[in-house]
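Biologist: I'm new to this one, so could you walk me through it slowly? I'll ask as we go along.

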Amino acid sequence: MLETSGRLLKLLSLLQTHRDWSGAELAERLAVSRRTLRRDVERLRELGYPVHATQGAAGYGLGAGPELPPLLLDDDEAIAVAIGLRTAAGGSVTGIEESSLRALTKLEQVLPSRLRHRVHTLHTATVRAGAVPAPKVSADTLMAIAEACRRRERLRFDYTSPRRGYSIRSVEPHSLVSFGRHWYLVAWDTDRTDWRTFRVDRLTPRTPTGPQFSPRELPDGDVATYLAHQLSSQTWPFQATITLHEPAAAVADRVWPGMGVIEPVDDHSCLLHLGAGTPRDLAWMITSVDADFTLTNAPPELADALRTQGTRCLNAVREV
């Protein structure tokens, strides 16, 4: 009986880590005959696990049932889930803090002592500092937007902008993006007939959703690249494009999210598109990349700011 129970747990673990298994593969992994495998599958079904036969092949897969069955996690998976739940409990999404803590409590109660010790050690040694608390967003709001994106249905919502005040918007939602400390909705604005980005913490969805729409091709192809470009340049009063005399891969780690967008040119250079509130901020951002550069397209004020910064640095060196 003990051997059979252990084999059932191993079979369940295999089914949970891969959608479709052939009967031959499972039998070989478990070192049993095909007949024994079929009996073990029937035992799992009797225990409530929805094990389905794969159509078109002599195989098996674990499907979704009416209730959540127990999950088998290896050590790394259990630690990852615990860390994720603790992070979610103190994150920017409201409405899931209590659920996250309940799930974390249940998980920690059944963790082996060695894993519980590792999770506790990481928690007690970690201090959250240096980051401004992110604006809170509702889990219900995120789900409403996500469902509209998945179903490709028009979304109407109340929106409050610091510059333009309150408005009612109608959009074709494309993607939800977690970028930096904020959640953004990237969508086609049907009233303005153009792509727009919206801060999720500033909107309240209206129900029901509107009619379905055909998806549009997003500028820049990639939603993360498009959003980075929007946040780093087009929303700022001072914008610049510089040529960095290093390949894009070499400087990618020096450009933080929201700072700018890198555009590869060749094996020896790339373009950096960025924006800021003042020419002085632009000069600081450019020099912080720590690469030789040329001003490709920049306002005259940026050249003055760079001269001022260069003179200040040279004066400091002369005094050494």
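Biologist: How many salt bridges does the count come to?

Modeller: Taking a salt bridge as a side-chain nitrogen of Lys or Arg within 4 Å of a carboxyl oxygen of Asp or Glu, the count comes to 16 salt bridges. Please keep in mind that this is a predicted model, in which local features need pLDDT of at least 70 and side-chain atom pairs count only at pLDDT 80 or more, while totals for chains, interfaces and linings use all residues. Residues are numbered from 1 along each chain as its sequence is written, and side-chain values use heavy atoms, with hydrogens and water left out.

Biologist: Which residue does Arg45 form a salt bridge with?

Modeller: Its partner is Glu42, and the closest N and O atoms are 2.6 Å apart. The two sit 3 residues apart in helix H3, residues 34-46, so about one helical turn separates them. Helices (H or I, at least four residues) and strands (E, at least two) are DSSP runs, numbered from the N terminus.

Biologist: Is Arg45 buried or exposed?

Modeller: Arg45 falls in between, as partly exposed at 31% relative accessibility, and Glu42 is also partly exposed, at 39%. Here buried means under 20% relative accessible area, exposed over 50%, and partly exposed in between, with a 1.4 Å probe and protein chains only.

Biologist: And what does Asp304 pair with?

Modeller: Asp304 forms a salt bridge with Arg307, with the closest N and O atoms 2.9 Å apart. These residues are 3 apart in helix H11, residues 300-318, and about one helical turn separates them. Asp304 is partly exposed at 46% relative accessibility, whereas Arg307 is exposed at 53%.

Biologist: What about Asp189, buried or exposed?

Modeller: Asp189 is buried, with a relative accessible area of 0%, and it forms a salt bridge with Arg192, the closest N and O atoms being 3.4 Å apart. Arg192, for its part, is partly exposed at 33%.

Biologist: Which residues are linked with Asp40 in a network?

Modeller: Arg7 and Arg43 are linked with Asp40 in a network of salt bridges.

Biologist: Changing topic, which side chain of opposite charge is nearest to Glu153?

Modeller: That is Arg151, 4.4 Å away, and Glu153 has no salt bridge even though it is buried. For charges, Lys and Arg count as positive and Asp and Glu as negative, while His and the chain ends are not counted. Glu153 is found in the loop between helix H7 (139-151) and strand E6 (155-161). Leaving aside neighbours within four places in sequence, Glu153 is in contact (heavy atoms within 4.5 Å) with residues including Ala148, Pro173 and Phe213.

Biologist: Where does Arg152 lie, and what is its phi?

Modeller: Arg152 lies in the loop between H7 and E6, and its phi is positive, about 55 degrees, although it is not a glycine. Most residues other than glycine have a negative phi, and most peptide bonds are trans. Asp290 also has a positive phi, near 60 degrees, and this residue is found in the loop between H10 and strand E14 (293-297), where it counts as exposed at 61% relative accessibility.

Biologist: Which residues does a cis peptide bond join?

Modeller: It joins Thr207 and Pro208, with omega about -5 degrees, and Pro208 has its place in the loop between strand E10 (203-206) and helix H8 (223-234).

Biologist: Last one, what is Pro279 in contact with?

Modeller: Leaving aside neighbours within four places in sequence, Pro279 is in contact with Phe238, Glu301, Leu302 and Ala305. The C-alpha atoms of Pro279 and Ala305 are separated by 6.0 Å, although the residues are 26 apart along the chain. Pro279 lies in helix H10, residues 279-288, and counts as buried at 15% relative accessibility.
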